[in-house]
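The exercises that follow ask you to read contacts, cores and charged pairs from a protein model. Please work through each task before you turn to its solution.

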Amino acid sequence: MQILPANMTSLPSPVALPEPVVVSCRPNMGEPGTEDEQFLLRAFRSFSAAAGSLECSYATLRAEVIRLRHELETTNHDLVNSLAENRNMRQYLDHMLENLPCGVLAASFDGTITRANSEAKKLLETEICGGELDSVQSLSASVQQLFLQAREENIEHELSTGDYPSRRWLAARHASIENNASVFILRDITERKRLEETRQRLRREEALSEMSAVLAHEIRNPLGSLELFAGLLAESHLSTECQKWIEHLQAGLRSLSATVNNVLFNNSPAAERSPVDLGQLLDWARDFLMPLARQSNVALGLQNRLRGVLFPANRHGLEQVLLNLVLNSLRAMSGGGWVEIAGRELQQEKSITLVITDTGPGISPEHLPHIFDRGFSSRSGSPGLGLAVCRKIVEQHGGTIEADSRPGVGATFTLTFPVSPNHIPGVAK
């Protein structure tokens, strides 16, 4: 049987065998060799039969090679089609993964990140430590804790990142896959959280509005009586010192009346603006608050560089702002301390600043972003209106109010008002 080389795909054409030749053999003695001839004939017959069988096997093998080659071609064609389908499916799944509205992050058992779509990279961009998103350990400690909680409890957890007002909320859910690997689904729920905060703020404002209706009825009538009695006292013939205290009492009642009107009935102080000497305003605030400061064992200082500077404003509104800020400082320093009121004009910035500084306990970092929100208060039992009213009045005058504080050091409130073309510059700068 003929063996094909490995690189051959078909067999060569068979070679025609010669017809058997009968050879007469005679023995050495000259007599006919009948047995030898018969032996040779049988040998040639066997050879011819073997050749025929070989030729038949060759034809069968050739047909089998053709069949196998056809099957191989069919298998190769199917394999190419299958690979193309797998490639198209992978591209489709990759495209789907990259365009999901949520972040998908896959991590192996040792924390190595094996896959992260573009949304996951976007959500974790500010949380990456070291510049590369290659492992869970390369993320911030807060996000690592988020992943750990999601993996252990298998429920969705939330994380607040960043500072107010740029704070973001992330939610993560965990799914286990083979070989102890993990898949985390990340979602940005910032808008949902902001809507919840807005809803809560609206609820608080609604509750404050209901409380305002009660206060309007309960405060205005007694307040009117107090103003009447204070006016009667002012008309009586009392000593100069008593008259001074009555004037302070009337000023306080006027400020309280303006507060009730502005807060409860939302009256705009801008409609009643008139030129106000800011220097006289600061002197009045010091004289009015000095007795309260002494009673609280607090040193009250004044740096007044606004004498003679006129600013179009509602005086009662500015008085209310100064009283609220200084009284908050006095309440916070039950053991004594120091408060300073400062006013100056910044000609280059074309603005006027009023600064109230104290040496109290300060404001905690978690409360600082919310102190001007209506209804927020760090003291139990307080409705949290004072600083919200201050911000409203300052903004109605076109200004801004900012707070800066370090716990244990004190707090500073800075009021900035733009310079109006109608104001009269002061002499001292």
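Contact means that heavy atoms lie within 4.5 Å. The model is a predicted one, in which local features need pLDDT of at least 70 and side-chain atom pairs count only at pLDDT 80 or more, while totals for chains, interfaces and linings use all residues. Residues are numbered from 1 along each chain as its sequence is written, and side-chain values use heavy atoms, with hydrogens and water left out.

**Exercise 1. The surroundings of one residue and its core**

Task: Find which residues Val-339 touches, not counting residues up to four places away in sequence, and then describe the largest nonpolar core.

Solution. Step one is to list the neighbours: Val-339 touches Val-298, Ala-299, Leu-300, Gly-301, Val-326, Ser-329, Leu-330, Met-333, Ile-356, Thr-357 and Asp-358, when residues up to four places away in sequence are not counted.

Step two needs two terms. Buried means under 20% relative accessible area, exposed means over 50%, and partly exposed lies in between, with a 1.4 Å probe and protein chains only. A nonpolar core is a set of buried Ala, Val, Leu, Ile, Met, Phe, Trp, Tyr and Cys residues joined through side-chain atoms within 4.5 Å.

Step three applies them: the largest nonpolar core has 42 residues, and those with the most contacts inside it are Leu-278, Leu-325, Val-339, Ile-356, Phe-413 and Leu-415. Helices (H or I, at least four residues) and strands (E, at least two) are DSSP runs numbered from the N terminus, and those giving two or more residues to this core include α6, α7 (315–332), β9 (337–346) and β12. The largest share of this core, 8 residues, comes from α6. A second, separate core of 19 residues includes Ala-107, Ala-116, Ala-120 and Leu-146.

**Exercise 2. Two helices side by side**

Task: State how the axes of α6 and α7 are placed, and name residues that make the contact.

Solution. Axes are lines fitted to C-alpha atoms, for helices over the stretch in contact, and angles run from 0 to 180 degrees between N-to-C directions. With that in mind, the axes of α6 and α7 come within 10 Å and cross at roughly 35°. Among the residues that make the contact are Leu-278, Leu-281, Trp-284 and Phe-288 of α6, together with Leu-318, Leu-322, Val-326 and Leu-330 of α7.

**Exercise 3. Aromatic pairs**

Task: Find how many aromatic pairs the whole structure holds, and classify the pair of Trp-284 and Phe-288.

Solution. A pair of aromatic rings is described by the distance of the centres and the angle of the planes. Rings of Phe, Tyr and Trp (its six-membered ring) pair if their centres lie within 6.5 Å, and planes under 30 degrees apart count as stacked, over 60 as edge-to-face and the rest as tilted.

A search of the whole structure finds 4 aromatic pairs. One of them joins Trp-284 and Phe-288, which are stacked at 5.1 Å centre to centre with 20° between the planes. Both residues lie in helix α6 (residues 278–295), 4 residues apart, about one turn of the helix. Trp-284 is buried at 14% relative accessible area, and Phe-288 is buried at 17%.

For Phe-311 and Phe-417, the ring centres are 5.4 Å apart and the planes stand at 55°, so this pair is tilted. Because Phe-311 lies in strand β8 (residues 310–313) and Phe-417 in strand β12 (residues 410–418), the pair ties together parts that are 106 residues apart in sequence. Phe-311 and Phe-417 are both buried.

**Exercise 4. Salt bridges**

Task: Where in the chain do Asp-94 and Arg-115 lie, and which residues form salt bridges with Glu-196?

Solution. A salt bridge is a side-chain nitrogen of Lys or Arg within 4 Å of a carboxyl oxygen of Asp or Glu, and the whole structure holds 11 salt bridges.

Asp-94 pairs with Arg-115, their closest N and O atoms being 3.5 Å apart. This pair links distant parts of the chain, with Asp-94 in helix α1 (residues 34–98) and Arg-115 in strand β2 (residues 113–116), 21 residues apart. Asp-94 is partly exposed at 28% relative accessibility, and Arg-115 is partly exposed at 33%.

Glu-196 forms a salt bridge with Arg-192, at 3.9 Å between the closest N and O atoms, and another with Lys-193, at 3.7 Å. Lys-193 is buried, with a relative accessible area of 16%, whereas Arg-192 is partly exposed at 35%.
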